[in-house]
Amino acid sequence: RAAQARDLCPDIQLVHVETLSADTNDDDVFDPGTGESGHHPNRHTQKACLKRYREASEEVFAIFSKHASRCERASIDEAYLDLSADAAQWLSSEHAAVPGCLEALAANVTCIEGAHVDVQNDELLLAAWVLVQQLRDDVQQQTGFTVSAGIAENKLCAKLGSATHKPNRQTVVPRGSAIKLMMDLPLSSLRGLGGKLGEELRHATGLRVESPCKELLRFSTGELQGILGDKAGLFVWRACRGIDMDEVKAGSMRPKQYMSFKSFQPPISSHDELLRWITGLSRELVDRLHSDSGSRMPRSLVVHHRGALDEDHRHNWVKGRTSYLTKTISRTCNFPQGSISAASTVAAVKKVLVERVPVLFPCSRLAIGATDFEEVPSGPKLCNFFGLKVISGQTSKAEESDTKQQGNLDAQDSKADGTREFECLTSSLSVHQNSACPTLQDASIEAAA
């Protein structure tokens, strides 16, 4: 496609992400910008290296953590912030006490289309507007990245609101206007309806992937629960109305899992090539684990294997029909005990693939991950006092699971672009009465206020 683009636009400047081969690690990457003229990465022997993006993500998230006590990491470039307490504190400050301050803010904020801020009902969101502007300014001054933000009553509306005025802007979703935001939103864009639940809903209602959420408004809670079950039916009824009861989960901004993966096109079909990539992916995973803080250890090792692609895989991927993608087999086992090493990880992955994946070839995707982290106690231990050697990282036996998952790992491929836009969502959770809760997400970042 690059050649086709140059034919249409000879002066186009194309940028390629840094790449990594199966025989190198994060400290030995190929940078297309410094390579020899005419030398291009080979997608059959190399994979995207996102080390640069991960480092930028940590920079930005560190600033978020300074601006809010409740932060929830959503992805490499997304996070949610709860600014409820911070917004209330700002309202009691001398800045908010200036006559006409809130009225002036209300007149100048950017809202979703067709909505307007009410000073009395939306004062916490107005306060969050000020705080998020300060956050975005700090990020740009300290890192050079721009930030887009959404400010709403909950995480769902904050995330959707942040996408309405990109790039480098922030948007308020006033209280009571969530329904305006949801009316024309395609069902495929509604979180949770891209997989089996969405397929089941569309089959029962006759709706399409592209159908707007307003088409669901005619169904009562009881009708949806009759179709999907009590819990799922209530979730869909709320979601299509912009109601989200999920709170910002305060905790570490460190990743909940590390994943190293490679897609093969055409699929690989030899043991030697598979072993080469098992080794390369394990090395990359271990390098990332070593770069973690060192105060925690993974308890579970996850292996994803995908066979030959279905004929309509690409068509379904382009259409966002994730429930129809080629199935991926996923297996989970205990992460190797002792010090983290590539050799022990390779051995564990080989054992899983040989014993628990029925058909190894062809293989169109392989992913290796570490998850289920637990903190490693610091300080002297009683057994050390008695001279006993403790193996760092010893973990309890993880429950193994044999499940087939959708091939939605493909979604991670889209994160390999070179955007310098972070997205910040701000929302006040509906479960917090009179509170403001921001949400941050995306190298575009989102914040829930």
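# A walk through the chain

The chain has 15 helices and 13 strands, where helices (H or I, at least four residues) and strands (E, at least two) are DSSP runs numbered from the N terminus. What you're looking at is a predicted model, so local features need pLDDT of at least 70 and side-chain atom pairs count only at pLDDT 80 or more, while totals for chains, interfaces and linings use all residues. Residues are numbered from 1 along each chain as its sequence is written, and side-chain values use heavy atoms, with hydrogens and water left out.

Let's begin with the overall numbers. Of the 449 residues in the chain, 47% are buried; buried here means under 20% relative accessible area, exposed means over 50%, and partly exposed is in between (1.4 Å probe, protein chains only). The accessible surface comes to about 22500 Å², and carbon and sulfur atoms account for 51% of that. Those areas come from the Shrake-Rupley method with a 1.4 Å probe, and for residues only the protein chains shown count as cover. As for contacts (heavy atoms within 4.5 Å), take the ones between residues at least 6 apart in sequence: 71% of them join residues at least 24 apart.

Now for a helix. In H3, which spans residues 84–91, the buried residues include Ser84, Ala87 and Trp90. Why do these sit on the same side of H3? Because they cover an arc of only 130° around the axis, the arc being that of the directions from the helix axis to the C-beta atoms. Flip to the face of H3 turned away from the buried side and you'll find the exposed residues Ala85 and Gln89.

Just before that helix in the numbering, Ser75 belongs to strand E3 (residues 70–75). Ser75 counts as buried, at 18% relative accessibility. Its side chain makes a polar contact of 3.0 Å with the side chain of Asp77. A polar contact is a pair of N or O atoms within 3.5 Å; within protein, one must be able to donate a hydrogen and the other to accept it, and residues adjacent in sequence count only if both atoms are side-chain atoms.

Next, the strands E8 and E9. They pair in the antiparallel sense over seven bridges, and strands count as paired if DSSP finds at least two bridges between them. One of the bridges links His304 with Ser330 in E9. Strand E9 (residues 328–334) is mostly covered, with six of its seven residues buried. Over in E8 (residues 296–306) you'll find Met297, which is buried with a relative accessible area of 8%. The C-alpha atoms of Met297 and Glu374 are separated by 5.6 Å, although the two residues are 77 apart along the chain.

His305 is also found in strand E8, and its relative accessible area of 2% makes it buried. What does His305 touch, leaving out residues up to four places away in sequence? The list is Thr328, Ile329, Leu353, Val357, Val359, Leu360, Pro362, Cys363 and Arg365. With Leu360 there is a polar link as well: the backbone oxygen of Leu360 lies 2.8 Å from a polar atom of the His305 side chain.

If you like checking backbone geometry, there are a few spots to inspect. Most residues other than glycine have a negative phi, and most peptide bonds are trans. The bond joining Lys166 and Pro167 is cis, with omega about -5°, and Pro167 lies in the loop between helix H7 (155–162) and strand E6 (170–172). That loop also holds Asn168, a residue other than glycine whose phi is positive, near 55°. Asn168 is partly exposed, at 31% relative accessibility. The peptide bond from Gln265 to Pro266 is cis too, with omega near 5°, and Pro266 has its place in strand E7 (residues 257–268). Asp372 has a positive phi of about 55° without being a glycine; this residue lies in strand E10 (residues 363–375) and is partly exposed, with a relative accessible area of 30%.

Finally, the cysteines. How many disulfides does the structure hold? Zero, using the cut-off that a disulfide is a pair of cysteine sulfur atoms within 2.5 Å. Take Cys213: the closest cysteine sulfur to its own is in Cys240, 6.4 Å away, so that's too far for a bond. Cys213 is buried, with a relative accessible area of 0%, whereas Cys9 is partly exposed at 36%.
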